[in-house]
Amino acid sequence: MKFIQTFMFLFASTVVFANNHYQFILNIQYQFSFPVDSIWLEYETFLPGAKVNKLKGTTNEKGVLAFSSILPEPAVSAVLKCNSRGQSYYKYFVLDTGMHHVKATNTARFLKFSGYRSINDQLFRQNPISNGSLSNLPAKIKQMQTLIRQHPQAYYSLVILSQMFNQQFLVSPPDVLPLWKALDSCLQETQMGLWLHERMLVATRLLKGNAFPDITLPTATGTEFNSTSMKGTNYLVVFGATWCGPCKQNLAIIKPLLKETAHNNLKVLHITLSSQKSDWEKMIIKFGLQDWTNVLDTATNKRQTLGQHFGISFIPFYLVVNEEGIIQYNSYQEYDDNLEKLKSKIALIQSGSVSAVSRPR
């Protein structure tokens, strides 16, 4: 039976620093109930697009299999793989820098370690979403925050912080940035630390109190749109895509709402992300969006897409911008799944009760 298992390994580590990299030595004394045809180690970092490295070990006169290499980060996700008579056996684990001595045995399908005293493995097992389950996520987010605060010197904390940040419908950038700042400076300066910090800074560009940025995109009428043209009016910004089911479902909520509130006082900027032009044009007609300002941003642009530039992880996504160009409402920050807060914000605009939010200092 083919064994398939997917994990993201989280870890902390005491590191061995060598030539601006991190060294590990893994000594394995194995005793399997089957003859070994081949055995090797694979590892990769937690950065996007990480390369999988394959490593063959050396066996000494005592029969101890040793793996050694220099890692680009303090710890990595690893798997020990073994083939025997057409059967594959695996052991997924957290590989730390430093020296490790373990004993390896096997069950009917898996490899098993004993004597592996990694704090990283212990922390990984405490991670409430390590098995991929996102049920009861708000409570699990709190547990993850506690783990990070308890282990500010652990590389594991960076990875779990990245997992938290991915749940932007429950955690906003202002929630996670202080956690990053509380981590050890050595962690902040790793590749993972710098990458995560940049992601968080990007995501703050559209927070409440900031000015809506200057963007230029093509419209459905063949003209060029610049966001500065919206100054002097309140407007709703709708981020979506032609392939996004929830985006289309929410149009049925938003369009009647605008009609009910005399939407001549509130313009709509509809930004479609990463979609084919023909599909975009059909959607505008199908949903009757001709009275909106419809602009298209595609992945074929010679730059980052708007979604990447602004750190938009989930759509649909909504903003309300006032006459001064200041963002008044951000659906991520409001955790506004049912759009009730958006409805209230639009009603305030129509009543003339909205005032500018001061920009963060």
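In this predicted model, the buried residues of helix H3 pack against strand E7, helix H1 (119–126), helices H2 and H4, helix H5 (185–188) and helix H6. H3 is mostly covered, in that 11 of its 11 residues are buried, and the largest nonpolar core draws its largest share, eight residues, from H3. The points below begin with this helix and its core, and then turn to the hairpin of E7 and E8, the five-stranded sheet and several single residues.

**Helix H3 and the largest nonpolar core**

- The buried residues of H3 include the aromatic pair Tyr155 and Tyr156 as well as Ser157, Ser162 and Gln163, alongside Leu158, Val159, Ile160, Leu161, Met164 and Phe165.
- The largest nonpolar core has 29 residues, and those with the most contacts inside it are Leu158, Leu161 and Met164.
- Two or more residues of this core are given by each of helix H2 (137–150), helix H3 (155–165), helix H4 (173–181) and helix H6 (191–203), and H3 supplies eight residues, the largest share.
- When residues up to four places away in sequence are not counted, Met164 touches Ile141, Met144, Gln145, Ile148, Val171, Val176 and Leu179.
- Apart from this core lies another one, of 25 residues, among them Leu206, Cys244, Val295 and Leu319.

**Packing of H3 against H4**

- H3 and H4 pack at an angle of about 175°, and their axes are 10 Å apart.
- Because angles over 145 degrees count as roughly antiparallel, H3 is described as roughly antiparallel to H4.
- On the H3 side the contact is made by Leu158, Leu161, Met164 and Phe165, which meet Pro173, Val176, Leu179 and Trp180 in H4.
- The residues of this contact between H3 and H4 divide into eight nonpolar, no polar and no charged.

**The hairpin of E7 and E8**

- Strands E7 and E8 run antiparallel and are joined by 10 bridges, with Val76 standing opposite Leu95 in E8 as one of the facing pairs.
- The two strands form a hairpin with two residues between them, and Arg85 in the turn has a positive phi of about 55°.
- Arg85, which is not a glycine despite this positive phi, is placed in the loop between strand E7 (75–84) and strand E8 (87–96).
- Arg85 has 69% relative accessibility and therefore counts as exposed, the cut-off for exposed being over 50%.
- Strand E8, by contrast, has seven of its 10 residues buried, so E8 is largely enclosed by the rest of the structure.

**The five-stranded sheet**

- An open sheet of five strands is arranged in the order E15-E14-E13-E16-E17, and its pairing is mixed.
- Strand E15 (293–297) and strand E17 (327–330) are the edge strands, each of which pairs on one side only.
- With direction ignored, neighbouring strands of this sheet are turned by 20° against each other on average.
- Within the sheet, strand E13 (residues 234–240) and strand E14 (residues 266–273) run parallel and are joined by seven bridges, and Gly240 stands opposite Thr272 in E14.
- Helix H8 (residues 277–286) lies across E14 and E15, and the direction of H8 is at about 160° to that of E15.

**Loop residues and backbone geometry**

- The peptide bond from Ile315 to Pro316 is cis, with omega near 5°, and Pro316 is found in the loop between helix H9 (306–309) and strand E16 (317–321).
- Leu339, a residue other than glycine, has a positive phi near 65°, and Leu339 lies in the loop between H10 and H11.
- With a relative accessible area of 3%, Leu339 is buried, since buried means under 20%.
- Tyr335 is likewise found in the loop between helix H10 (331–334) and helix H11 (340–351), but Tyr335 is partly exposed, with a relative accessible area of 37%.
- Although Tyr335 and Ser172 are 163 residues apart in sequence, the C-alpha atoms of the two residues are 8.8 Å apart in space.

How values were computed:
Residues are numbered from 1 along each chain as its sequence is written. This is a predicted model: local features need pLDDT of at least 70, side-chain atom pairs count only at pLDDT 80 or more; totals for chains, interfaces and linings use all residues. Side-chain values use heavy atoms; hydrogens and water are left out. Two strands pair if DSSP finds at least two bridges between them. Helices (H or I, at least four residues) and strands (E, at least two) are DSSP runs, numbered from the N terminus. Axes are lines fitted to C-alpha atoms, for helices over the stretch in contact, and angles run from 0 to 180 degrees between N-to-C directions. Contact means heavy atoms within 4.5 Å. Buried means under 20% relative accessible area, exposed over 50%, partly exposed in between (1.4 Å probe, protein chains only). A nonpolar core is a set of buried Ala, Val, Leu, Ile, Met, Phe, Trp, Tyr and Cys residues joined through side-chain atoms within 4.5 Å. Angles under 35 degrees count as roughly parallel, over 145 as roughly antiparallel, 65 to 115 as roughly perpendicular and the rest as oblique. Ala, Val, Leu, Ile, Met, Phe, Trp, Tyr, Cys and Pro count as nonpolar, Asp, Glu, Lys and Arg as charged, and the others, Gly among them, as polar.
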